[in-house]
Amino acid sequence: MRPGTVRVLGVDPGLTRCGVGVVDVERRTPTLVHVEVVRSSADEAIEQRLLRIARGVEAAIDEHRPDAIALERVFAQANLRSVMGVAQISGVVLRAAAERGIPISLLTPTEVKSSVTGYGAADKRQVGEMVRRLLRLDVAPKPADAADALAIAIAEGWRARVRASGMPSGSATPAQRAWAAAEARARR
């Protein structure tokens, strides 16, 4: 990696499909390093599912050695089973980051969408298309969990670059300014 480049591993947590994406961000330009979806089967015991996802995430961390990890923040939804699985996987990722001494950030879906698309209510297709454009790919990553993990990594990479450089907000990109505004609203 070149000096001034930040490597971020983004995680879109899920118990059945967990997106893991790694990007390098140099200046304002993200570059794809790795993307995968770690899967577990609903037929497996919960402890085996957590172990399978944990091993996949940890393997990506150990292979790609990110400077930072970004994780989509758990948000309330009507499906308790789904939110529990996301919370369990989030705990696995938080532990892996802490064990390795890697800083971790939690980003809401709105923060990520605002950052990469400029619109906090963007749909999955719009996020995938912007990830495709930003990473200069021929097609959007599939499934959506992969694109979401990359979007999370890109959002955190831009955020980390702004923090590290002390860049005044006037020189931030429109997406970075949108992210900062979304983050400010989320704190209220």
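pLDDT is the predictor's confidence in each residue, on a scale from 0 to 100. You will need that idea here, since what you have open is a predicted model. Across the protein the pLDDT averages 89, and 82% of the residues score at least 70. For your opening selection, pick residues 167–171: over this stretch the pLDDT is below 50, and beyond near neighbours in sequence it has 7 contacts in the model.

**The whole protein**

Now show everything as a cartoon. You should find 6 helices and 5 strands. Walk along the chain and they come in the order β-β-β-α-β-α-β-α-α-α-α. How many of the 188 residues, as a percentage, count as buried? The figure is 49%. Switch to a surface view and you are looking at about 9,500 Å² of accessible surface, with 53% of it belonging to carbon and sulfur atoms. Contacts reach along the sequence too: among those between residues at least 6 apart, 61% join residues at least 24 apart.

**Helix α2**

Next, select residues 80–100, which make up helix α2. Try the distance tool on its two end C-alpha atoms. With 21 residues at 1.5 Å a residue, the helix should span 30 Å, and its ends are indeed 30 Å apart, so the two values agree.

Which residues of α2 are buried? Colour V83, G85, V86, I89, S90, V92, V93, A96 and A97 to see them. Then show what these buried residues pack against: the strands β1 (5–12), β2 (17–26), β4 (68–72) and β5 (104–107), together with helix α1 (46–64). Before you leave, click on G101, just after α2, where phi is positive at about 70°.

**The largest pocket**

Keep α2 visible and look for the largest pocket, which holds about 600 Å³ of space. It is lined by 25 residues, and the closest to its centre are D12, P13, S82, V86 and D145. V86 should be familiar, as it is one of the buried residues of α2. Which helices each supply at least two residues of the lining? They are α2, α3 (109–117), α4 (124–134) and α5.

**D148 in helix α5**

Move on to helix α5, residues 144–165, and select D148 within it. Is D148 buried or exposed? Its relative accessible area is 9%, so D148 is buried, the cut-off being under 20%. Show its surroundings, leaving aside neighbours within four places in sequence, and you will find D148 in contact with D12, K124 and V127. D12 has already appeared on this tour, among the residues closest to the centre of the largest pocket.

**The loop between α4 and α5**

Step back along the chain to the loop between α4 and α5, where P143 lies. Zoom in on the peptide bond joining K142 and P143: this bond is cis, with omega about -5°. The loop between α4 and α5 also holds R136. Phi of R136 is near 60°, a positive value in a residue other than glycine.

**Last stop: R27**

Finally, select R27, in the loop between β2 and β3 (29–39). R27 is not a glycine, yet its phi is positive, at about 55°. Is R27 buried or exposed? At 63% relative accessibility, it counts as exposed, because the cut-off is over 50%.

Notes:
Residues are numbered from 1 along each chain as its sequence is written. This is a predicted model: local features need pLDDT of at least 70, side-chain atom pairs count only at pLDDT 80 or more; totals for chains, interfaces and linings use all residues. Side-chain values use heavy atoms; hydrogens and water are left out. Helices (H or I, at least four residues) and strands (E, at least two) are DSSP runs, numbered from the N terminus. Buried means under 20% relative accessible area, exposed over 50%, partly exposed in between (1.4 Å probe, protein chains only). Contact means heavy atoms within 4.5 Å. Accessible areas come from the Shrake-Rupley method with a 1.4 Å probe; for residues, only the protein chains shown count as cover. The expected span of a helix is 1.5 Å times one less than its number of residues. On a 1 Å grid over the protein atoms alone, a cavity is a set of points where a 1.4 Å probe fits but cannot get out, and a pocket is an open set with protein on both sides within 12 Å along at least five of seven lines; lining residues have an atom within 4 Å of a point. Grid points are joined across faces, edges and corners, and a volume is the space filled by probe spheres set on the points.
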